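Please open the model in your viewer and keep the sequence panel beside it. The tour below goes from one selection to the next and says what to look for at each stop.

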Amino acid sequence: MDEIDYVANRVGAFSLTGFLGGAAYATFKGFPRRATALKAAASCAIVATSLFGAERLANVAMRDQIKEENRLLLSSYAFGGIFGGSLNGLLYQNQPIRGMVVFAPFMLGIGIIEVEMKRRRQMRVEELYQNGQS
């Protein structure tokens, strides 16, 4: 169930971003705001579901083979970018390679950010623990 929550959190964030971006685009271009914002949010939700769903499937499948947490995380994000990106490229432009080229670096960037956030969180916990011991 944690895996589903993980994907749902990211899909929700992408949907909100798509909604706000669609509303801004519609305002700028003079299109109907509600319809354009909802279409953009739905499109972002579909893209995020394919990317992060593939990433979570890869993460679960590779847990036994890769023991190092950071390497597992980055490997699963790369797989999600390649597989989910190719699926999006196929669905939206009928060219899977274009989706892979766009989304693989994007997903690796998100993975690097997540690794850095975990590292900083761990450093902060250690710092608080050291201050508590003094």
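Begin by selecting helix H2, residues 33-62, together with H4, in what is a predicted model; these two helices pack at an angle of about 65°, and their axes are 12 Å apart. Two packed helices are described by these two quantities, the angle between their axes and the distance between the axes. If you turn the view so that one helix lies in front of the other, you are looking at a right-handed crossing of H2 and H4.

Next, show the side chains where the two helices touch: from H2 select Val 47, Leu 51, Phe 52 and Glu 55, which meet Phe 103, Phe 106, Met 107 and Ile 110 of H4. Coloured by class, this contact of H2 with H4 shows seven nonpolar residues, one charged residue and no polar ones.

Keep Leu 51 on screen and add Gly 84, which belongs to helix H3, residues 69-93. Although 33 residues separate Gly 84 from Leu 51 in sequence, their C-alpha atoms are 4.3 Å apart in space. Which residues is Gly 84 in contact with, leaving aside its neighbours within four places in sequence? They are Ser 50, Leu 51, Ala 54 and Phe 79. Is Gly 84 buried or exposed? Gly 84 has a relative accessible area of 0%, and therefore it counts as buried, the cut-off being under 20%.

Now return to H2 and select Asn 59, which is also placed in that helix. Its relative accessibility is 4%, so Asn 59 counts as buried. To see what surrounds this side chain, display Leu 72, Leu 73 and Ser 76, with which Asn 59 is in contact once its neighbours within four places in sequence are left aside.

For the last stop, turn to the largest pocket, which has a volume of about 200 Å³. Select its lining, made up of Tyr 6, Arg 10, Tyr 77, Ile 110, Ile 113, Glu 114, Met 117, Lys 118 and Arg 121. Ile 110 is a residue to pause on, as it is part of this lining and also one of the H4 residues that meet H2. Helix H1, residues 2-29, and helix H4, residues 96-133, each supply at least two of the lining residues, and H4 gives the largest share, with six residues. Colouring the lining by class brings out five nonpolar and four charged residues, with no polar ones.

Technical notes:
Residues numbered from 1 in each chain as written. Predicted model: local features only at pLDDT ≥ 70, side-chain atom pairs only at ≥ 80, totals over all residues. Heavy atoms only, no water. 1 Å grid on protein atoms, 1.4 Å probe; cavity = no way out; pocket = protein on both sides within 12 Å on 5 of 7 lines; lining within 4 Å. Points joined across faces, edges and corners; volume = space filled by probe spheres on them. Helix = DSSP H or I, 4+ residues; strand = E, 2+ residues; numbered from the N terminus. Nonpolar A, V, L, I, M, F, W, Y, C, P; charged D, E, K, R; others polar. Buried < 20%, exposed > 50% of the residue type's maximum accessible area, 1.4 Å probe, protein only. Contact = heavy atoms within 4.5 Å. Axes fitted to C-alpha atoms, helices over the stretch in contact; angles between N-to-C directions. Left-handed = near helix turned anticlockwise from the far one by under 90°.
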